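Dear colleague,

I am passing the structure below to you for your records and further reading. My account of what was found in it follows directly after.

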Amino acid sequence: MVDQGKPQGIANAFSVDDGNINKKQQQNVDEREPSSSSTKQQQEEEQKNVKKKEKEPSFSSTKKTSEGVGDGKKKKEEKNEKHLGLTNKKDDNFGEWYSEVVVATEMLEYNDISGCYVLRYSTMHIWKTMRTFFDKEIEKMKVEEHYFPLFVSGRALNQEKVHIEGFAPEVAWVTKAGDTKLESPIAIRPTSETVIYPYFSKWIRSHRDLPKKVNQWCNVVRMEFSHPTPFIRSREFLWQEGHTAFATKEEADDEVLEILELYRRLYEEFLAVPVVKGMKSELEKFAGALYTTSVEAFIPNTGRGIQGATSHCLGQNFAIAKMFDISFQNEEKEKCFVWQNSWGYSTRSIGVMVMVHGDNKGLVLPPKVASVQVVVIPVFDKDADKQAIFDACTKTVTILKEAGFRAEADLTHYKPGWKYSHWEMKGVPVRIEIGPKDMANNQVRVVRRDNSSKLDIPTSNLVEQVKDILDDIQKSLFDAAKQKRDASIKVVNTWEEFTTALNQKKLILAPWCDEEEVEIDVKARTKGEMGACKTLCTPFDQPALPEGTLCFASGKRAKKWTYWGRSY
Ligand code: 86X
């Protein structure tokens with residue numbers, strides 16, 4: 001479960017001195033500027049100024065920024081000439097590109113504590129959208145929302161000792177209250193089994209108390225030693241953790257897959273990221289589980305797999321008397337231990353989305369999760385009736401909002417070209433331009449973020465066409481990502497083919513004997529600077545395995561097709 005791989009090239013998390021965050025540089029605000037836009041400008045300037053001090057990731061060195069106070073108009077005009085795009089290219093230095101993109105697009109901010117991040121509005125909007133969907137679906141399954149404490153007593157944490165032994169170095173402890181040393185240190189939850197299961201033991205008495213289905217949305221803390229990466233590997237992250245108990249294994253088995261399907265839908269239908277559903281190997285499963293299923297995504301740029309979410313069947317491992325003693329009396333009045341599941345999905349998924357869809361211009365957001373789906377931008381020269389164009393923009397936004405879209409007009413004094421780059425960088429799926437010619441023709445110009453295609457649509461048909469275009473973007477993003485993922489899959493049969501594919505950053509599908517020693521051996525033989533190669537999952541969707549197929553690594557009889565790769 002713990003990742004050994006080190007993503008290459010990702011910039012070191014920089015530490016920010018608190019003073020810098022708070023030191024707001026005086027702004028050169030044009031008096032003509034509407035107040036809302038000056039706030040935005042200020043934020044942008046602040047961001048740039050903070051970034052400068054932080055050294056990295058930095059914006060283009062060719063940029064002209066306004067640093068001084070007093071000559072606002074002149075500097076403003078200079079800034080209008082060119083949008084400060086991304087410095088890094090996705091295909092040249094992916095890691096730097098990624099850290100730059102998440103900050104520049106205002107998704108996230110770094111913090112002075114390494115591995116901790118501020119999640120900003122566009123991120124939280126995505127998270128909220130997924131949470132709303134997931135909550136609605138699990139409510140249908142009669143899962144009940146709960147909230148359990150952040151703190152875990154050392155005694156409670158130790159009840160799960162056998163399963164968390166490997167994780168122990170990641171647990172954060174509170175040892176003092178003010179200057180007073182605590183009698184016994186308190187842990188901060190890295191996951192909540194040890195907090196929740198004592199209550200399961202208390203709440204579950206009879207078969208009538210089953211099934212018991214609990215979910216909580218919360219933060220968890222794991223003091224990772226490996227290199228932190230925004231969203232992907234952070235020391236604190238947001239997730240949901242579901243914990244359920246059943247009278248029978250069959251019910252538990254069914255739920256594992258039902259939840260896994262919801263995770264697939266979150267990735268594929270919301271984030272437009274293709275995933276593979278499958279079974280974790282014995283080595284890679286959660287030690288406390290009977291079996292672990294997962295959805296696995298792939299990042300073509302780094303050639304790394306990434307576990308998107310997990311759904312475990314815990315069997316009776318946690319229920320047995322020497323663990324948490326979660327038992328019930330069946331109808332025959334016999335004592336039985338429950339069958340348990342647990343399942344989790346985290347903000348990591350948002351990082352996967354950024355990595356998969358982003359490009360050299362910045363973010364590319366799937367319309368379903370974008371906090372702004374359509375931005376409307378006025379375009380005019382000095383002879384145009386500016387007010388009429390502004391009014392048309394406002395009206396367009398009103399119509400779109402009434403139809404249920406998340407639309408916004410950018411009526412600031414920046415030049416159109418600057419605004420185009422700005423909103424492209426932020427990943428807004430659709431841009432609508434309205435100029436004198438559009439006014440005369442009762443049309444608007446629509447430009448797609450995903451493929452830059454332009455289309456003039458009559459205002460009479462605005463809502464219908466925008467809906468179709470957003471739907472098409474959602475679908476196209478998934479199709480393009482799937483095509484790219486599929487093109488990265490390499491089916492191999494021999495060790496030589498395997499190492500070649502690994503060096504080519506492929507997602508490898510190989511026939512395997514399913515023996516743990518072989519998997520350990522593959523890890524050892526591929527260990528290097530880039531991190532070892534391991535099994536990602538055995539896909540449920542198995543290609544035919546012809547009689548006599550041999551394991552790529554051991555030469556023994558192959559039992560299954562399994563995905564292998566370096567991973568996050
Ligand atoms: C494993 C298992 C499970 C509920 C999930 O995967 C879904 C939601 N939990 C989590 N795991 C740990 O048990 C763990 C324990 C400690 Cl003490 C730790 F520091 C890190 C951990 N990471 C994962």
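**The ligand and its surroundings**

A side-chain N or O atom of threonine 191 lies 2.9 Å from a nitrogen atom of the ligand. Please note that this is a predicted model, and that the distances and angles in this message are to be read accordingly.

Two further residues approach the ligand through polar side-chain atoms. In threonine 310, an N or O atom of the side chain is 3.3 Å from an oxygen atom of the ligand. In histidine 312, a polar side-chain atom is found 2.6 Å from an oxygen atom of the ligand. Of the 510 Å² of accessible area that the ligand has on its own, the protein covers 97%. Three elements give two or more residues each to the shell around the ligand: strand E8 (236–246), strand E11 (304–315) and strand E14 (339–346).

The ligand is surrounded by 17 residues, and the closest of these are Phe167, Thr191, Glu193, Arg222 and His312. Sorted by class, the shell holds 7 nonpolar, 6 polar and 4 charged residues.

**The five-stranded sheet**

An open sheet is formed by 5 strands with mixed pairing, and their order is E16-E15-E17-E18-E19. Its edges are strand E16 (407–409) and strand E19 (454–458), each of which pairs on one side only. On average, neighbouring strands of this sheet are turned by 25° against each other, with direction ignored.

At one end of that order, strand E18 (residues 443–448) and E19 are paired in the antiparallel sense over 5 bridges. Arginine 445 has aspartate 456 in E19 as its bridge partner. E18 and E19 also form a hairpin, with 5 residues between them. Within the turn, serine 452 has a positive phi of about 65°.

Two helices lie across strands of this sheet. Helix H11 (residues 386–402) lies across strand E15 (374–378), E16 and strand E17 (430–434), and runs at about 165° to E15. Helix H12 (residues 416–425) likewise lies across E15, E16 and E17, with an angle of about 170° to E15.

**The three-stranded sheet**

An open sheet of 3 strands is arranged in the order E4-E6-E5, and the pairing is antiparallel. Strand E4 (151–153) and strand E5 (173–177) are the edge strands, each pairing on one side only. From one strand to the next, the twist averages 50°.

How many bridges join E4 to E6? There are 3, and the two strands run antiparallel. Here valine 152 stands opposite alanine 187 in E6. On the other side of the order, E5 and strand E6 (residues 180–188) pair in the antiparallel sense over 4 bridges. The bridge partner of lysine 176 is lysine 181 in E6. E5 and E6 form a hairpin with 2 residues between them, and glycine 178 in its turn has a positive phi of about 60°.

**Backbone details in two loops**

Two loops deserve a separate mention. Leucine 210 and proline 211 are joined by a cis peptide bond, for which omega is about -10°. Proline 211 belongs to the loop between helix H8 (193–203) and strand E7 (212–221).

The other loop is the one between E7 and E8, where phenylalanine 231 lies. The phi of phenylalanine 231 is near 65°, which is a positive value in a residue other than glycine. E8 has already appeared above, as one of the elements that give two or more residues to the shell around the ligand.

With kind regards

How values were computed. Residues are numbered from 1 along each chain as its sequence is written. This is a predicted model: local features need pLDDT of at least 70, side-chain atom pairs count only at pLDDT 80 or more; totals for chains, interfaces and linings use all residues. Side-chain values use heavy atoms; hydrogens and water are left out. A residue is near a molecule or strand if one of its heavy atoms lies within 4 Å of it. A polar contact is a pair of N or O atoms within 3.5 Å; within protein, one must be able to donate a hydrogen and the other to accept it, and residues adjacent in sequence count only if both atoms are side-chain atoms. Accessible areas come from the Shrake-Rupley method with a 1.4 Å probe; for residues, only the protein chains shown count as cover. Ala, Val, Leu, Ile, Met, Phe, Trp, Tyr, Cys and Pro count as nonpolar, Asp, Glu, Lys and Arg as charged, and the others, Gly among them, as polar. Two strands pair if DSSP finds at least two bridges between them. Axes are lines fitted to C-alpha atoms, for helices over the stretch in contact, and angles run from 0 to 180 degrees between N-to-C directions. Contact means heavy atoms within 4.5 Å.
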